[in-house]
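This report describes a single protein model in plain terms. It goes from the whole chain to its sheets, then to its salt bridges and a surface patch.

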Amino acid sequence: MKAWILILMKKRGRIYILPTRMGGYFNALIFLMFLLSVGYSNNLLLIFTLFLFGLNLLWVIQTHFHLQHLKLEMIQIQDGHANEAIPFTIVWKHVPEGPMKWQIKLDTDKGEMHLKDLVQSRHETQGDLKCNQRGLLKWNYLFIATEKPFGLYRAWRHLKLDGISHIYPPMSQAGFNTPLKGLGLEGETASGDKGTGDFRDLLPYHGNEARLISWKHYARTGELLVKEGEEHKAPFAELKWDPDESPDTEESLSSLATQMVICHREAIPFTFEIFGKKRGPSVTARHLALCLQDLSQC
């Protein structure tokens, strides 16, 4: 029954209005004044009561108009990790004049989500939302409510949405203090190049790492030479998701997501293999996002 009522209240973007607590007191006062004016045949009190009733009706109409023409021009909810703040931006059009203070919630397939840390301007609203479950987040409705401009009535409506966001696995509890271990990082590889000049086992120095310089020969000749066969190669990480080898799925996914973010921040190229599909190697933000999206839907 409750679900049916909620569906009924979200049809065709209708606007609903109910008095606030202060509005309820105000309406009760008008009703009491009307009874007194009729009971005591007080025409002056009756005129004043009708005047307040007219103002009350005007305030109802103004509260209704505050949301009537409001529309969404754009809503952007970024992908992000579970249990972390995910930024969103809403751009409005046909914004009403007067004071603004809106309460906003996002209705999704995972339930209602309150939007926090709202920063509102005339045509834009920014803030954060938090989701506790990884996966694909489908947006259904945007709930918006206001008690402006007078605070005696509360109006609300549901704006239909059609969009999705990827909620990545949460970051590991260990965070970024865990060193890069067990990533399958490749080390230095032997070079097939031969040295030139007087020393066959040395190569000219071309901006290589200082630890590869032959300081012994530099002391003798004054030339910067590099030891043959010790060409430095950048680290390379190979990551893989195999559900059969992960007894604790959520912890394993969280650990993999953390390793991907570390590799990206440290500019370490990495590959990711999942269900026979392999991505990379790369270190770009797009590569990271695609790999995290694959993880979120495991």
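The secondary structure of the protein chain consists of 6 helices and 15 strands. Helices (H or I, at least four residues) and strands (E, at least two) are DSSP runs, numbered from the N terminus. The model is predicted, so local features need pLDDT of at least 70 and side-chain atom pairs count only at pLDDT 80 or more, while totals for chains, interfaces and linings use all residues. Residues are numbered from 1 along each chain as its sequence is written, and side-chain values use heavy atoms, with hydrogens and water left out.

**The chain as a whole**

The protein chain has 298 residues, and 37% of them count as buried. Buried means under 20% relative accessible area, exposed means over 50%, and partly exposed lies in between (1.4 Å probe, protein chains only). About 18100 Å² of the protein chain is exposed, with carbon and sulfur atoms supplying 55% of it. Such areas come from the Shrake-Rupley method with a 1.4 Å probe; for residues, only the protein chains shown count as cover. Among the contacts in the protein chain with a separation of 6 or more, 62% are between residues 24 or more positions apart. A contact here means heavy atoms within 4.5 Å.

**The sheet of 4 strands**

One open sheet has 4 strands in the order β2-β4-β8-β7, and its pairing is antiparallel. Two strands pair if DSSP finds at least two bridges between them. The edges are taken by β2 (71–77) and β7 (116–120); each has a single partner strand, so one side of each is left without a neighbour in the sheet. From one strand to the next the twist averages 20 degrees. For such angles, axes are lines fitted to C-alpha atoms (for helices over the stretch in contact), and values run from 0 to 180 degrees between N-to-C directions.

Strand β8 covers residues 124–130 and pairs with β7 in the antiparallel sense over 3 bridges. Opposite Lys 116 stands Asp 128 in β8.

**The sheet of 3 strands**

Another open sheet has 3 strands in the order β13-β14-β15, with mixed pairing. Its edge strands, β13 (237–241) and β15, each pair on one side only. The twist in this sheet averages 10 degrees from one strand to the next. Helix α5 (residues 249–265) packs on the sheet and touches β13 and β14; the helix direction makes about 155 degrees with that of β13.

Strands β14 (residues 270–274) and β15 (residues 277–282) pair in the antiparallel sense over 4 bridges. Phe 272 has Arg 279 in β15 as its bridge partner, and Glu 273 has Lys 278 in β15. In a regular strand, side chains alternate between the two faces of the sheet. The hairpin of β14 and β15 has 2 residues between the strands, and Phe 275 takes a positive phi near 50 degrees there.

**Salt bridges**

Which side chains meet in salt bridges? The structure holds 3 of these pairs, a salt bridge being a side-chain nitrogen of Lys or Arg within 4 Å of a carboxyl oxygen of Asp or Glu.

| Pair | N to O distance |
|---|---|
| Lys 105 and Glu 112 | 3.2 Å |
| Lys 277 and Asp 294 | 3.7 Å |
| Arg 279 and Asp 294 | 2.7 Å |

Of the residues in the pair of Lys 105 and Glu 112, Lys 105 is buried at 18% relative accessible area, whereas Glu 112 is partly exposed at 46%.

Arg 279 lies in strand β15 and Asp 294 in helix α6, so this pair ties together parts that are 15 residues apart in sequence. Salt bridges with shared partners join Lys 277, Arg 279 and Asp 294 into one network. Within the network, Asp 294 is buried, with a relative accessible area of 16%. Lys 277 is partly exposed at 40%, and Arg 279 is partly exposed at 22%.

**A nonpolar patch**

Phe 31, Phe 34, Leu 35 and Val 38 make a nonpolar surface patch of about 390 Å². Patches are made of residues with over 30% relative accessible area and no salt bridge; like charges are joined within 9 Å, and nonpolar side chains (Val, Leu, Ile, Met, Phe, Trp, Tyr) within 5 Å. Phe 31 lies in helix α2 (residues 21–39) and is exposed, with a relative accessible area of 53%.
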